[in-house]
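I opened this model to see how its helices pack. My notes follow in the order I looked things up.

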Amino acid sequence: MNIDLLIKMTNEIGDFFAGVEVNDPQAAARDVANHLKRYWDPRMRAQMLKYYVERQGAGLTDLGKSAVALLYAASKAPSGSPAAPAAAAPAAAAPTTSAAKGAGT
């Protein structure tokens with residue numbers, strides 16, 4: 001995928017979470033990192049991490065750089081290590097509406 005598009009998408013995701021976490025930039029960075037981990041294809045994340053290492057995240061906003069730095073740290077930490085951001089781990093999911101409907105029928 002085009003790295004310029006990945007940078008744009010990361011910055012836009014950051015803009016959204018910056019508005020949600022107005023008083024906590026660290027929480028916003030964790031939210032962006034979590035979003036990239038959950039919803040981006042692993043190849044997209046790998047490309048962004050490679051770019052982050054090679055170009056120090058040039059073109060990313062400060063929030064975008066912080067989020068990608070969290071992903072990078074998590075990718076280098078041993079599995080299950082406390083160094084990995086807690087927000088990057090999937091939260092326990094509540095049953096979805098369709099699953100809840102299906103359970104009652």
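**Entry 1: helix 3**

I began with the outward side of helix 3, where P42, R43, K50 and E54 are exposed, on the other side from its buried residues. By my cut-offs, buried means under 20% relative accessible area, exposed over 50%, and partly exposed in between, with a 1.4 Å probe and protein chains only. Helices (H or I, at least four residues) and strands (E, at least two) are DSSP runs, numbered from the N terminus.

A note on the source: this is a predicted model, so local features need pLDDT of at least 70 and side-chain atom pairs count only at pLDDT 80 or more, while totals for chains, interfaces and linings use all residues. Residues are numbered from 1 along each chain as its sequence is written, and side-chain values use heavy atoms, with hydrogens and water left out.

Which residues of helix 3 are buried? I listed M44, M48, L49 and Y51. Seen down the axis, they fall within an arc of 160°, so they line one face of helix 3. The arc is taken from the directions from the helix axis to the C-beta atoms. Helix 1 and helix 4 are among what covers these buried residues. Contact here means heavy atoms within 4.5 Å.

I then checked the length. Helix 3 has 14 residues and should span 20 Å at 1.5 Å a residue; its end C-alpha atoms are 20 Å apart, which agrees. The expected span is 1.5 Å times one less than the number of residues.

**Entry 2: the ends of helix 3**

What caps the N-terminal end of helix 3? D41 does: one of its side-chain oxygens lies 2.8 Å from the backbone nitrogen of R43. A polar contact is a pair of N or O atoms within 3.5 Å; within protein, one must be able to donate a hydrogen and the other to accept it, and residues adjacent in sequence count only if both atoms are side-chain atoms.

Just after helix 3, I stopped at Q56. Its phi is near 55°, a positive value in a residue other than glycine. Q56 lies in the loop between helix 3 and helix 4. Its relative accessible area is 54%, so Q56 is exposed.

**Entry 3: L60**

L60 is in the loop between helix 3 and helix 4. Is L60 buried or exposed? Its relative accessibility is 7%, so L60 counts as buried. Leaving out residues up to four places away in sequence, L60 touches I7, T10, N11, M48, K65 and V68. I also took the distance to N11: the C-alpha atoms of L60 and N11 are 6.2 Å apart, with their positions 49 residues apart along the chain.

**Entry 4: helix 4**

Helix 4 runs over residues 62-76. Its 15 residues reach 21 Å from first C-alpha to last, close to the expected 21 Å. Its buried residues are L63, G64, A67, V68 and L71. They cover an arc of only 130° around the axis, which puts them on the same side of helix 4. D62 and K76 are exposed on the other side. The buried residues pack against helix 1 (3-20), helix 2 (25-39) and helix 3 (42-55).

**Entry 5: the core**

I looked next at the largest nonpolar core, which has 20 residues. Such a core is a set of buried Ala, Val, Leu, Ile, Met, Phe, Trp, Tyr and Cys residues joined through side-chain atoms within 4.5 Å. V32, L36, W40 and M48 have the most contacts inside it. Helix 1, helix 2, helix 3 and helix 4 each supply at least two of its residues. What does W40 contact beyond its neighbours within four places in sequence? I found L6, M9, T10, I13, H35, R45 and M48.

**Entry 6: aromatic pairs**

A search of the whole structure gave two aromatic pairs. F16 and F17 are edge-to-face, 5.0 Å centre to centre with 80° between the planes. Y52 and Y72 are tilted, at 6.0 Å and 50°. That second pair links distant parts of the chain, with Y52 in helix 3 and Y72 in helix 4, 20 residues apart. Rings of Phe, Tyr and Trp (its six-membered ring) pair if their centres lie within 6.5 Å; planes under 30 degrees apart count as stacked, over 60 as edge-to-face and the rest as tilted.
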